[in-house]
Amino acid sequence: LFRSAPMGIHDCGYSGTDPLDCFGKAIEVAKDDPLVLNRLAKIFHFLGKQDMAIGICNMALDILNDPELNWQAYCTRAQICIKIYIRDLERAKMGTGGLPERKNLTDRRA
């Protein structure tokens with residue numbers, strides 16, 4: 001990792017820019033490319049931005065909804081929904097939340 005921003009970043013005008021602004025620009029540029037959108041969805045998923053990741057998966061599926069060609073969007077979206085369901089289930093077990101909606105899991109199968 002760099003201890004400071006590389007000069008190439010300063011030259012492009014992105015020095016001191018909020019990372020979410022950069023991701024927003026990436027989504028805007030890739031809005032017609034499901035493969036890039038799938039990669040961005042994975043990044044948001046790993047950053048813990050689950051709602052954003054699901055939205056990007058849905059964008060990729062709007063462009064290419066064939067499960068054989070765009071399996072990654074379906075897979076990422078399912079992983080996120082399972083993770084959210086398990087998180088909500090754990091909260092319910094601890095008494096800090098209600099039971100999770102099972103419908104959220106069944107809706108994502110299709």
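Okay, before anything else: when I say two residues are in contact, I mean they have heavy atoms within 4.5 Å of each other. Hold on to that, since a lot of what follows is lists of contacts. And please keep in mind that this is a predicted model.

So, the overall picture. We're looking at a protein with 6 helices and 0 strands. Reading from the N terminus, you get α-α-α-α-α-α. There are 110 residues, and 23% of them are buried. The accessible surface is about 7900 Å², with 57% of that belonging to carbon and sulfur atoms. As for how the chain folds back on itself: take the contacts between residues at least 6 apart in sequence, and 41% of those join residues at least 24 apart.

Now let's go to a single residue, Asn 70. Where does Asn 70 sit? It's in the loop between helix 4, which is 50-63, and helix 5, which is 71-94. Is Asn 70 buried or exposed? Its relative accessible area is 1%, and the cut-off for buried is under 20%, so Asn 70 counts as buried.

What does Asn 70 touch, then? If we skip the neighbours within four places in sequence, Asn 70 contacts Pro 34, Asn 38, Ala 60, Leu 61 and Leu 64. Leu 64 is worth a second look: its backbone oxygen is 2.8 Å from a polar atom of the Asn 70 side chain. If you want one more distance from Asn 70, try Cys 57, which is 13 residues away along the chain, with the two C-alpha atoms separated by 9.8 Å.

Right, on to the helices around that loop. I'll start with helix 4 against helix 5. Their axes come within 9 Å and cross at roughly 155°. Anything over 145 degrees counts as roughly antiparallel, so that's what we call helix 4 and helix 5. Helix 4 passes helix 5 in a left-handed crossing. On the helix 4 side, the contact is made by Gln 50, Ala 53, Ile 54, Cys 57, Asn 58, Ala 60 and Leu 61. From helix 5 it involves Ala 73, Tyr 74, Thr 76, Arg 77, Ile 80, Cys 81, Lys 83 and Ile 84.

Next, bring in helix 3, residues 34-46. Against helix 4, the axes come within 8 Å and cross at roughly 165°. That makes helix 3 roughly antiparallel to helix 4. This crossing is left-handed. The residues that meet include Pro 34, Leu 37 and Phe 44 from helix 3, and Met 52, Ile 56 and Ile 63 from helix 4.

And helix 3 with helix 5? Here the packing angle is about 15°, with the axes 9 Å apart. So helix 3 is roughly parallel to helix 5. Helix 3 passes helix 5 in a left-handed crossing. From helix 3 you have Asn 38, Ala 41, Lys 42 and His 45, and they meet Gln 72, Ala 73, Thr 76, Gln 79, Ile 80 and Lys 83 in helix 5. Asn 38 ties back to our loop, since it was among the contacts of Asn 70.

Last stop, two more residues. Ala 78 lies in helix 5. It's partly exposed, with a relative accessible area of 29%. Its C-alpha is 7.8 Å from that of Leu 105, which is 27 residues away along the chain. Ile 82 is found in helix 5 as well. How accessible is Ile 82, and what do we call that? The relative accessible area is 44%, which means partly exposed. The C-alpha atoms of Ile 82 and Arg 102 are 10.0 Å apart, with their positions 20 residues apart along the chain.

To wrap up, one thing to look for on screen: find Asn 70, buried, in the loop between helix 4 and helix 5, and then trace its contacts to Pro 34 and Asn 38. Okay, over to you.

Technical notes:
Residues are numbered from 1 along each chain as its sequence is written. This is a predicted model: local features need pLDDT of at least 70, side-chain atom pairs count only at pLDDT 80 or more; totals for chains, interfaces and linings use all residues. Side-chain values use heavy atoms; hydrogens and water are left out. Helices (H or I, at least four residues) and strands (E, at least two) are DSSP runs, numbered from the N terminus. Buried means under 20% relative accessible area, exposed over 50%, partly exposed in between (1.4 Å probe, protein chains only). Accessible areas come from the Shrake-Rupley method with a 1.4 Å probe; for residues, only the protein chains shown count as cover. A polar contact is a pair of N or O atoms within 3.5 Å; within protein, one must be able to donate a hydrogen and the other to accept it, and residues adjacent in sequence count only if both atoms are side-chain atoms. Axes are lines fitted to C-alpha atoms, for helices over the stretch in contact, and angles run from 0 to 180 degrees between N-to-C directions. Angles under 35 degrees count as roughly parallel, over 145 as roughly antiparallel, 65 to 115 as roughly perpendicular and the rest as oblique. A crossing is left-handed if the near helix is turned anticlockwise from the far one by less than a right angle, and right-handed if clockwise.
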